[in-house]
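Biologist: Hello! Could you walk me through this protein, starting from the basics?

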Amino acid sequence: MSPGKVLQPAVKMKVDELFLCWLSQPATQLTLKDCLRRIKNKEKTEFGNADSGNSKNKSFTSKNSNSKECILGDTRLPLMSFSPPQLSTTLPLATPASSRNISNVRATRRSLGTKEVQQTKKEETLPPSHSQNIPTFYFPRGCPKEKVNIDAVIAKIEKTFSEFPNERATLEDMGKVAKACECPLYWKGPLFYCAGGERTGYVSVHKFVAMWRKVLQTCYDDAAKFVHLLMNPGCNYLVQEDFIPFLQDVVNSHPGLSFLKEASEFHSRYITTVIQRIFYTVNRSWSGKITCNELRKSNFLQNVALLEEEPDINQLTEYFSYEHFYVIYCKFWELDTDHDLYIDRKDLARHNDHAISNRMIERIFSGAVTRGRKAQKDGKISYADFVWFLISEEDKKTPTSIEYWFRCMDLDGDGALSMYELEYFYEEQCQKLDNMAIEPLPFEDCLCQMLDLVKPQHEGKITLHDLKRCKLTNVFFDTFFNIEKYLDHEQKDQFSMLRDGEGESQELSDWEKYAAEEYDILVAEEAASDQWNDGYEAELNPVDHQKASVLKYQMEKRPFFEMPSHLADVDLDEYDYDEDFE
């Protein structure tokens, strides 16, 4: 934290988080359902002494016009002595007692009596609150389970360290230590670095035992442990840079990436791609900070565990696939003509033969969904931004991609797409269709089709929630800013598209289909070009051949890739991402 910067507590955020945790408990749901049933059945519900309080108020109202004892109502408190002789001596002798003077006296007595009532109420002992019986429901570091025998785990770790020289473990030895800790194999890097191994090149048994004992005592599930191992001191979340040592160890040691060992200049490109895919899928809040709760709700740790079981890295398509990185980077390389790892508006407009409308490209470069203020200032986007763009462009059915394009189409940032905003993007589509000698559908007719497709809950606007309920969001978005895919959809029957959408749940996603097709095309192009290339005669199998050719011919060496800035610059707080925190 910079000097002079004062931390601002966000009490409301924490209260809201605790309330949501309480509200999600099964016991709370049963209680609320029971109360709702009672209300619907008009059953009588006891509310303490509310009736008696009402009767006191009624008594106070009915007796207010009687004697001066009624000024305090039915509070049963003793009145201050105020006799008539004393009252007469305080009034002027020449002036008889008037109604104005009597009202002043009553006001004085009322204020004194109210003070006594308030003081008495403060001294009353309140009944015990029912909230005292609510069990603990908020476990930010995981719910404690049965008693873990920490000493037995530590003894197992010490036995493992005894096999190493001087009871010191290097990074290569940490695989055995990870197994002794009952962790997946590829936790070895985070375990090594968290215990201070990066500074000395090894970890002593005493430092590691002290570190792991603290983890076992404070973290109760895998998500909390993983965040603790990777996070910076004083934080309870992960930022993009926290993943670099972990992923570098995966690149160095996974058998499916062994061909990259000799091409260290491309390590950072692969690592950057994986990091962006992690945040694209896991960081559902778009904050640039992955919390334990987000990690717990994702499947990332399951994929980390599969790294040990799956020798083919390309089978892990959600985060680690080299083939997916290959496709993304080749697409970026085609657009990045000056090879400075940044592309401008003209470069991005050439993507997929100018399929994306210029108005949508302007929205992408406006900062609605991009990160990095320096790049925005220069009118460019980085490779990390392009990863988000390409995945969102090729698969418009995922929650993140829907949020991505919704941000771009919401011109005024009011959280809803108005008819004006839809018409703004559709105008350019009509111009492109005219240039292609195709008669465009009038906007009114197109609007009716889109409203029938989305079925918004509120007339006159389409919200993010409406689009997430729709099964054909790709058709909706392509209609307004992707002319090629729009024409493809027009040639298909809507019912067949619905059937395809329902049947895809058990099959590959749109992104996985696209990556597989593009990868085959790139491999075929490389094989064809190699027939005319006489300078490269190394004998490789087909898979290694195309991988090496990309590294040696299609790409030239460049400076080490600079990691992108955090996603925290993106402010999506005005949108209601209701769901999908599930």
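Below, a biologist asks about the model and a modeller replies.

Modeller: Before we start, this is a predicted model, in which local features need pLDDT of at least 70 and side-chain atom pairs count only at pLDDT 80 or more, while totals for chains, interfaces and linings use all residues. Residues are numbered from 1 along each chain as its sequence is written, and side-chain values use heavy atoms, with hydrogens and water left out.

Biologist: Thanks! How many helices and strands does the protein have?

Modeller: Helices (H or I, at least four residues) and strands (E, at least two) are DSSP runs, numbered from the N terminus. By that reading, the secondary structure comes to 29 helices and 8 strands.

Biologist: What percentage of the 582 residues is buried?

Modeller: Buried means under 20% relative accessible area, exposed means over 50%, and partly exposed is in between, with a 1.4 Å probe and protein chains only. Of the 582 residues in the protein, the buried ones make up 42%.

Biologist: Which domains give residues to the largest nonpolar core?

Modeller: A nonpolar core is a set of buried Ala, Val, Leu, Ile, Met, Phe, Trp, Tyr and Cys residues joined through side-chain atoms within 4.5 Å. The largest one here has 131 residues, and Phe208, Trp212, Phe243, Phe300, Phe320 and Phe476 touch the most other members. Helix α16 (residues 322-335) supplies the largest share, 10 residues. The core lies between two domains, whose bounds come from an automatic or database domain assignment, because both give residues to it: domain 1 (150-307) and domain 2 (325-491).

Biologist: Which residues does Phe243 touch?

Modeller: Contact means heavy atoms within 4.5 Å. Leaving out residues up to four places away in sequence, Phe243 touches Phe226, Leu230, Leu238, Ile275, Ile278, Phe279, Ile290 and Phe300.

Biologist: How many disulfides are there?

Modeller: A disulfide is a covalent bond between the sulfur atoms of two cysteines. The rule used here asks for a pair of cysteine sulfur atoms within 2.5 Å. For Cys181, the closest cysteine sulfur is in Cys183 at 5.3 Å, too far for a bond, and for Cys446 it is in Cys430 at 7.6 Å, again too far. The count comes to 0 disulfides.

Biologist: Is Cys446 buried or exposed?

Modeller: The value to look at is its relative accessibility, which is 1%. With that value, Cys446 counts as buried.

Biologist: Which residue forms a salt bridge with Lys331?

Modeller: A salt bridge is a side-chain nitrogen of Lys or Arg within 4 Å of a carboxyl oxygen of Asp or Glu, and the count comes to 21 salt bridges. For Lys331, the closest N and O atoms of the pair are 3.0 Å apart. Lys331 lies in helix α16 and its partner in helix α28 (residues 510-530), so the pair ties together parts that are 187 residues apart in sequence. Both residues are buried, and the partner is Glu518.

Biologist: How many residues apart in sequence are the parts tied together by Glu403 and Lys468?

Modeller: The side chains of Glu403 and Lys468 meet in a salt bridge of 2.7 Å, N to O, and both residues are buried. Glu403 lies in helix α21 (residues 399-409) and Lys468 in helix α24 (residues 464-469), so the parts that they tie together are 65 residues apart.

Biologist: Which residues do salt bridges with shared partners join into one network?

Modeller: Here the bridges connect through the partners that they share. The members of this network are Glu393, Glu394, Lys396, Asp478 and Lys485.
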